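Q: Could you teach me how to read a few features of a protein model? I would like the general idea and then the case in front of us.

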Amino acid sequence: MVGFAKMGWRSSDSSKTGDDMNKMGILSFETAKIMSRLLCLYKSLSESEISNLKTEMNSRGVSYLNSKDEGFLLSLACAERLEDLDKAAAAVSRLGHKCTDFGLNRFDLVYTDLKLGIIDFGKLEYGSKDIEKRVFKMEKLINATSGLYAALESLAELEVSERKMKQWTERKGSGRLQKVNLDVFHQKLEQQRKQVRQFRENSLWNQTFDKSVGHMARIVCIIYARICIVFGPYIPILPSLSLRNMRSSQQKEILKVQPENCLIEPIREQIISRSGPIHTTSKPTLVRFYSRKSIFFLCEDEGFGVDKLAKNNRVFHAAGPLTVGGAGLALRYANVITLVEKYSNPSESVDLSSRENLYQMLPVNLKKTVGSKLSKNLKCMDEDESLAEGWRDALKQIMEWLAPMAHNTINWQLERNLEKTKFDIKPSVLLLQTLHFSDKEKTEAAIADILVGLSCICKCENRQWSES
């Protein structure tokens, strides 16, 4: 096993060597994205964030649409965090191939040892003074690299403008006024180049591979150890930590869920899956934790290794056919809900085109349900206009717990789609907070109710909204 002392994590204390010339350069932007992803994970495991997660699990939307089984939800949360960490570790391992330090060059072996429980977890203390300093330094490097990225984009635009101005001057000639403008522009261009040089000096661009990968490698291990602390009591096969090497504050678990409620438990090296109250006919092997002999989060027909992990989205594909995500409708339903939220504002006009676009977003079965309910309710409203006030209250109550689920669904998608360009370090949304694992029948019933409610309110307020 490769120890911490051999992994280049003390390189900052050593004198400059030849590998100091091996700067990251253009790969600094990719490295900054990996760092930001790791710090997202790190911050998501703080005591306050875990407490927020427990609160979210008990919220009306999650408990009603997804599951009331905290063990099931915790297993999903743990699986998704581990999957994100595996992908980040794969990226760190690839960058490690450019390092001169052997431990960093073969970080895949170190990560394997970590998952086998060989590395002493007592040395991986989450939130310690040393780790917080390292995190702060990584944040500064990310911010500087993000600044460099923006400065280079601005510089590129200015250089394009410079070429165009030169071409225009060559054709038209240079008068006194044009000469003054060119001088001002060249001064601005030089200031921008100076800013780029400053950002390069202070960002990952000027860092060596060994130092940058060393920071990330240690944080990967810290995050994995923290996952074991937080979720270990409920996921029995995670490596156990030696409590005598940890602070008393770290020994106190925030979540209070019985371990036997876990989604997965190992029996004779086989995997048994236990779902929450939402029944599913999907393969139980899609979301599970392998025993320590099969340390990775993979199906039986796949090999092991860090690179394999980066290609899989096991938690996402674990949603059964009776869930909104399993039916491929999560993002569509989230967009419908947010539009209803927008149109429910009295100051918002709802024209025929907007209504038609919203209606066309619904699948056939939901169109029929909405049409049937709407027909009955509009007839009742002709006889009793006070029903509109009841629908207004009902719509408000449903949207209080349904709208956050929709916004989380959209944010989850945005976070993944923008991952290639963002340098954000705030904790990301988990799938259990979205509509992905929501019961399809319950979700569609709630959507039908808010659409009918919106129609009745619009009719009462004489806004343009009538039955198809």
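Q: Is helix α6 largely enclosed by the rest of the structure or exposed, and why?

A: Welcome! First, this is a predicted model, where local features need pLDDT of at least 70, side-chain atom pairs count only at pLDDT 80 or more, and totals for chains, interfaces and linings use all residues. Residues are numbered from 1 along each chain as its sequence is written, and side-chain values use heavy atoms, with hydrogens and water left out. Helices (H or I, at least four residues) are DSSP runs numbered from the N terminus. Buried means under 20% relative accessible area, exposed over 50%, and partly exposed in between (1.4 Å probe, protein chains only). Helix α6 spans residues 107-116, and seven of its 10 residues are buried, so α6 is largely enclosed by the rest of the structure.

Q: Which residues of α6 are buried?

A: They are Phe107, Asp108, Val110, Tyr111, Asp113, Leu114 and Lys115. Just after α6 comes glycine 117, with a positive phi near 80 degrees.

Q: How many aromatic pairs does the structure hold?

A: A pair of aromatic rings is described by the distance of the centres and the angle of the planes. Rings of Phe, Tyr and Trp (its six-membered ring) pair if their centres lie within 6.5 Å; planes under 30 degrees apart count as stacked, over 60 as edge-to-face and the rest as tilted. The structure holds eight such pairs. One of them joins tyrosine 64 and tryptophan 401 edge-to-face, at 5.6 Å centre to centre with 80 degrees between the planes. This pair links distant parts of the chain, 337 residues apart: tyrosine 64 is in helix α3 (residues 60-66) and tryptophan 401 in helix α15 (residues 387-417). Tyrosine 64 is partly exposed at 31% relative accessible area, while tryptophan 401 counts as buried at 12%.

Q: What lies over the face of tyrosine 64?

A: A charge sits over a ring if NZ of Lys or CZ of Arg is within 6 Å of the ring centre and within 35 degrees of the ring normal. Arginine 60 lies over the face of tyrosine 64 at 5.4 Å from the ring centre, and lysine 442 does so at 4.8 Å.

Q: Where are the buried residues of helix α13 around its axis?

A: An α-helix has 3.6 residues a turn, so residues three or four places apart point the same way. In α13 (residues 352-360), Ser354, Arg355 and Leu358 are buried. They cover an arc (of the directions from the helix axis to the C-beta atoms) of only 95 degrees, which puts them on the same side of α13.

Methods: Helices (H or I, at least four residues) and strands (E, at least two) are DSSP runs, numbered from the N terminus.
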